[in-house]
Amino acid sequence: MPRQPLDDTALDTVFRKARTHYGFKHEPIDEATLRELYDLLKWGPTSMNCQPARYVFVVSEEGKSRLIPALSEGNRDKAHEASATVIVAIDTRFYEHMPTVFPQSPNARERFAENPDKASDTACRNGTLQGAYLIVAARMLGLDVGPMSGFDHDMVDEEFFPDGRYKSNFLVNLGVGEPKTQRPRGPRLAFEEVAEVV
């Protein structure tokens with residue numbers, strides 16, 4: 001029996017009417033919700049089930065004070081106002097978990113360990129994909145999101161990942177968005193401009 005598509009409300013929530021938020025109301029997100037968010041996004045597929053993304057949910061004033069100096073000037077207020085700012089990072093040694101997450105390939109760990117370029121490409125591609133799952137899952141749970149890339153990666157990594165194993169990829173602000181801070185929605189390219197059917 002074929003699966004039925006989600007209804008318009010779900011599609012609007014996740015994509016069609018969803019917006020990037022630049023300002024947030026001061027409403028906290030409890031840890032139970034953050035755990036629920038992870039428990040949803042973790043089911044998104046990654047190649048060989050490698051799951052290289054790692055997440056730091058920065059919610060406290062102390063945590064924000066460590067993060068905000070690394071942000072570009074235009075992103076500091078956004079992160080300060082957001083209930084949480086997620087550092088989406090990648091584990092450069094994700095392959096150490098391969099015997100657990102992909103047991104059907106007993107030599108998967110060694111194949112990545114012996115090929116640093118392949119490991120790096122795999123971590124970057126799949127870690128970014130998992131960050132996108134985080135955005136979709138957050139919207140599905142009723143949270144507003146604002147992904148950001150304007151920050152000093154070296155500063156963030158030194159502050160939050162001093163042993164060098166994890167590397168920051170991008171940031172995602174979470175919370176209850178402030179509608180008055182939204183910008184006009186940017187146009188999207190048409191199917192004919194970006195796709196072909198062969």
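L143 sits in the loop that runs between α7 (116-140) and β4 (144-148). The model is predicted. This briefing covers L143, helix α8, Y38, the largest pocket and an annotated domain.

**L143 in its loop**
- L143 has a relative accessible area of 11%. Buried means under 20%, so L143 counts as buried.
- Beyond its neighbours within four places in sequence, L143 is in contact with I29, T33, A138 and G175.
- T13 is 130 residues away from L143 along the chain, yet their C-alpha atoms are separated by 10.0 Å.

**Helix α8**
- Helix α8 spans residues 153-160, and V156, D157 and F160 are buried in it.
- These residues lie on the same side of α8, because they cover an arc of only 95° around the axis.
- D154 and E158 are on the other side of α8, and both are exposed.
- Two strands in the cover over the buried residues of α8 are β2 (53-58) and β3 (84-91).
- That cover also includes α3 (61-67) and β5 (166-177).

**Y38 in helix α2**
- Y38 belongs to helix α2, which covers residues 31-41.
- Its relative accessibility is 32%. The class of partly exposed lies between 20% and 50%, so Y38 falls in it.
- Outside its neighbours within four places in sequence, Y38 is in contact with Q51 and Y55.
- Y38 and E27 are 11 residues apart along the chain, with 20 Å between their C-alpha atoms.

**Largest pocket**
- The largest pocket holds about 180 Å³ of space.
- Its lining includes V14, F15, A18, R19, T20 and Y22.
- R139 also lines the largest pocket, as do R183, P184, R185, G186 and R188.
- Sorted by class, the lining of the largest pocket has 5 nonpolar, 5 charged and 2 polar residues.
- Among the charged residues of this lining are R19, R139 and R183.
- G186 is one of the polar lining residues, with Gly counted in that class.

**Annotated domain**
- An unreviewed UniProt entry places the feature "domain: Nitroreductase" at residues 17-160.
- In the model, the span of residues 17-160 is 49% helix and 15% strand.
- The end C-alpha atoms of residues 17-160 lie 34 Å apart.

Notes
Residues numbered from 1 in each chain as written. Predicted model: local features only at pLDDT ≥ 70, side-chain atom pairs only at ≥ 80, totals over all residues. Heavy atoms only, no water. 1 Å grid on protein atoms, 1.4 Å probe; cavity = no way out; pocket = protein on both sides within 12 Å on 5 of 7 lines; lining within 4 Å. Points joined across faces, edges and corners; volume = space filled by probe spheres on them. UniProt positions renumbered as here; feature names shortened; annotations may be inferred. Helix = DSSP H or I, 4+ residues; strand = E, 2+ residues; numbered from the N terminus. Buried < 20%, exposed > 50% of the residue type's maximum accessible area, 1.4 Å probe, protein only. Contact = heavy atoms within 4.5 Å. Arc of directions from axis to C-beta.
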